[in-house]
Amino acid sequence: GKKGYIVYLADIYEGYIRVLDISDPTNPMLLDSVHTPLYNQGISVHNLWASEDKKWLFATEETSGSSLLVYDISFPDKPRFVTVYRSEKVADNSIIHNVIIGGNIAYCSWYREGVRLVDISNPAHPKEFALFDSSTKSFTDMSPFHGNWSVDVDDRGLIMISDIEEGLFILRRKQ
């Protein structure tokens with residue numbers, strides 16, 4: 001059969017990015033397993049998203065102190081770790097939950113820290129250029145699971161974010 005149907009899986013409880021060849025969907029073959037940086041802290045790699053040109057893979061780890069992770073997937077069956085991105089404005093114990101890619105932008109959901117837009121035109125050197133924090137409440141408990149939960153963007157450029165306490169927000173980025 002055809003070769004090259006690669007899928008990447010976030011194995012959250014083991015802390016691995018799993019690479020599978022699904023050319024034969026009835027017999028998926030594990031090609032590689034790559035540990036993410038914080039895998040030894042329990043729950044880890046949560047979400048993966050490839051760049052539109054399929055040369056880069058972006059990952060999040062749902063654990064305290066996590067960052068946006070960048071992998072080179074120019075050799076699709078062998079992801080190579082390149083860098084992490086974390087704004088210096090983000091609290092040390094904060095958690096990135098999800099990332100999606102639209103063009104040269106990584107849309108990142110950070111619990112308690114809002115949605116952050118990161119320029120990935122040079123994926124090895126990501127740079128944050130915008131943020132929106134939907135939280136209006138001040139949280140006195142120590143739980144990291146407040147505020148921004150997830151993000152999506154549509155082909156019109158509308159940014160939809162969901163906030164655990166506040167609900168749905170639909171945003172448009174100033175051009």
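How many positive and how many negative side chains does the protein have, and how far apart do the centres of the two sets lie? Here is a friendly walk through the structure, with that answer in the first point.

1. **Charges.** The protein carries 17 positive side chains and 24 negative ones. The centres of these two sets are 5 Å apart. Please keep in mind as you read that this is a predicted model.

2. **Overall build.** If you look for helices, you will find zero; the protein has 14 strands instead. Reading from the N terminus, each element in turn is a β strand: β-β-β-β-β-β-β-β-β-β-β-β-β-β. The radius of gyration is 16 Å, close to the 16 Å that the globule rule gives for 175 residues, so the protein is as compact as a globular protein of that length. Along the principal axes, the C-alpha atoms fill a box of roughly 55 × 40 × 30 Å.

3. **Inside and outside.** Of the 175 residues, 43% count as buried. The accessible surface comes to about 9500 Å², and carbon and sulfur atoms account for 54% of that surface. Now take the contacts between residues at least 6 apart in sequence: 41% of them join residues at least 24 apart.

4. **The largest nonpolar core.** In soluble globular proteins, nonpolar side chains tend to be buried together. Here the largest nonpolar core has 14 residues, and Phe58, Leu68, Val99, Ala106 and Cys108 have the most contacts inside it. The elements giving two or more residues to this core are β5, β6 (68–72), β8 (96–102) and β9. Try finding leucine 68 in the structure: beyond its neighbours within four places in sequence, its contacts include Phe58, Val84, Val99, Cys108 and Trp110.

5. **A second core.** There is also a separate core of eleven residues. Among its members are Ile17, Val19, Val45 and Tyr71.

6. **Isoleucine 161.** Is this residue buried or exposed? Isoleucine 161 has 1% relative accessibility, so it counts as buried. You can find it in strand β13, which covers residues 158–163. Its C-alpha atom is separated by 7.5 Å from that of valine 115, although their positions lie 46 residues apart along the chain when counted from one to the other. Setting aside neighbours within four places in sequence, isoleucine 161 is in contact with several residues, including Val115, Phe132, Val151, Phe169 and Leu171.

7. **Isoleucine 105.** This residue belongs to strand β9. With a relative accessible area of 11%, isoleucine 105 is buried, because the cut-off for that label is under 20%. Isoleucine 105 and proline 126 are 21 residues apart in sequence, and their C-alpha atoms are 9.3 Å apart in space. Leaving out neighbours within four places in sequence, the contacts of isoleucine 105 are Ile100, Leu117, Val118, Ile120, Phe129 and Arg173.

8. **Two loop residues with positive phi.** Which value does phi of lysine 54 take? Phi of lysine 54 is near 60 degrees, a positive value in a residue other than glycine. Lysine 54 sits in the loop between β4 (45–50) and β5 (56–61), and at 54% relative accessibility it counts as exposed. Arginine 112 also has phi near 60 degrees, again positive in a residue other than glycine. Its place is the loop between β9 (105–110) and β10 (114–119). At 28% relative accessibility, arginine 112 counts as partly exposed.

Key
Residues numbered from 1 in each chain as written. Predicted model: local features only at pLDDT ≥ 70, side-chain atom pairs only at ≥ 80, totals over all residues. Heavy atoms only, no water. Helix = DSSP H or I, 4+ residues; strand = E, 2+ residues; numbered from the N terminus. Rg over C-alpha atoms; globule rule 2.2 N^0.38 Å. Buried < 20%, exposed > 50% of the residue type's maximum accessible area, 1.4 Å probe, protein only. Contact = heavy atoms within 4.5 Å. Areas by Shrake-Rupley, 256 points an atom, 1.4 Å probe, with all protein chains shown as cover. Lys, Arg positive; Asp, Glu negative; His and termini not counted. Charge placed at Lys NZ, Arg CZ, Asp CG, Glu CD. Core = buried A, V, L, I, M, F, W, Y, C linked by side-chain atoms within 4.5 Å.
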